[in-house]
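The following exercises concern solvent exposure and helix packing. Please work through each task before reading its solution.

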Amino acid sequence: MKRWTPKAIATEAKLLLIGIPVLLWTLIPVYHMALFAFSAKDSATSGNLWPQNPTLDNFRVVFQQKHFYLDHFWVQLGNSLLIAVSVGAITLFVATTAAFAISRLRVRGGRTVMNLALFTYFIPAAFLAVPMYKTMGNYGLLNSQWALILAMVTIASPYCIWVLKQASDKLPYELDEAARMDGASPLQLFRLVYLPLMVPSLVAVGTYSLLLAWNEYLYAFLLLSNDKSVTLAVALGNFLSADDSPWELLMATGLIYALPPAAIYYAFKRYMVGGLTAGAVKS
């Protein structure tokens with residue numbers, strides 16, 4: 001049983017003084033989103049702390065696509081899901097194989113390549129949007145979902161490679177030597193030794209890259225223009241194009257759009273914390 005001392009009580013009090021304001025600051029926007037989503041159009045901006053007559057009509061309108069801004073809601077939600085899953089899978093493959101080659105096979109120049117890749121993060125991703133647009137145009141990929149997928153893989157891969165490489169460095173090299181003595185090839189070493197031991201970090205970087213693509217707006221806005229190919233994140237921006245924007249529908253759609261990443265995060269949060277911090281401190 002934990003013994004409460006004056007020092008421990010003071011520490012807990014300090015943590016609460018910091019944690020409660022941070023929690024409220026985080027939850028207030030979510031609260032206002034829910035407030036609008038469950039309010040009727042004429043009462044959404046009434047200033048009440050909770051709608052007098054909560055309604056689910058806004059969600060019915062969204063699901064049944066009964067507003068011209070929502071004509072392609074399900075298609076756009078599917079686009080977001082397809083692009084996010086594709087980015088997560090491709091980034092995971094690229095980062096896993098690269099980290100294995102650099103850390104376990106120790107290919108010549110691998111660490112230099114990794115450091116150069118990380119150097120790209122000194123340039124904000126927003127500054128690379130126009131060059132990325134020009135590059136995709138040169139290769140004829142504009143207005144193709146592959147343009148956004150490749151762009152997001154490019155952005156996510158360096159960090160994922162670094163995380164997996166740091167985690168891989170913590171694995172004992174005696175395991176590799178034992179596997180080689182038993183006649184294991186590099187592919188068998190990768191499949192039978194490396195992958196099973198790296199599961200927490202693999203889940204972490206896969207989830208990170210998936211959520212990064214799910215929440216992306218700028219690159220999706222630049223690289224995709226067709227209403228049936230854009231992601232739902234971009235489509236949400238259309239709600240702001242009118243003077244009398246349907247805020248209640250915007251917030252209902254936003255709340256729906258926020259649920260999948262929240263569910264993914266809470267399902268894998270144990271792996272996220274353990275995997276993304278793996279290798280941060282070497283013993």
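**Exercise 1.** Locate Thr 135 and classify its exposure.

*Solution.* Thr 135 lies in helix α5, where helices are DSSP runs (H or I, at least four residues) numbered from the N terminus. The model is predicted: local features need pLDDT of at least 70, side-chain atom pairs count only at pLDDT 80 or more, and totals for chains, interfaces and linings use all residues. Residues are numbered from 1 along each chain as its sequence is written, and side-chain values use heavy atoms, with hydrogens and water left out. The relative accessible area of Thr 135 is 34%, so the residue is partly exposed; buried means under 20%, exposed over 50%, and partly exposed in between (1.4 Å probe, protein chains only).

**Exercise 2.** Where is Phe 122, and is Phe 122 buried or exposed?

*Solution.* Phe 122 sits in the loop between α4 (110-119) and α5 (129-138). Its relative accessibility is 67%, therefore Phe 122 counts as exposed.

**Exercise 3.** Determine how α3 and α4 are each oriented against α6.

*Solution.* The axes of α3 (residues 73-103) and α6 (residues 145-169) come within 7 Å and cross at roughly 40°; axes are lines fitted to C-alpha atoms, for helices over the stretch in contact, and angles run from 0 to 180 degrees between N-to-C directions. α3 is therefore oblique to α6, given that angles under 35 degrees count as roughly parallel, over 145 as roughly antiparallel, 65 to 115 as roughly perpendicular and the rest as oblique. For α4 and α6, the axes come within 9 Å and cross at roughly 135°. α4 is therefore oblique to α6.

Conventions: Helix = DSSP H or I, 4+ residues; strand = E, 2+ residues; numbered from the N terminus.
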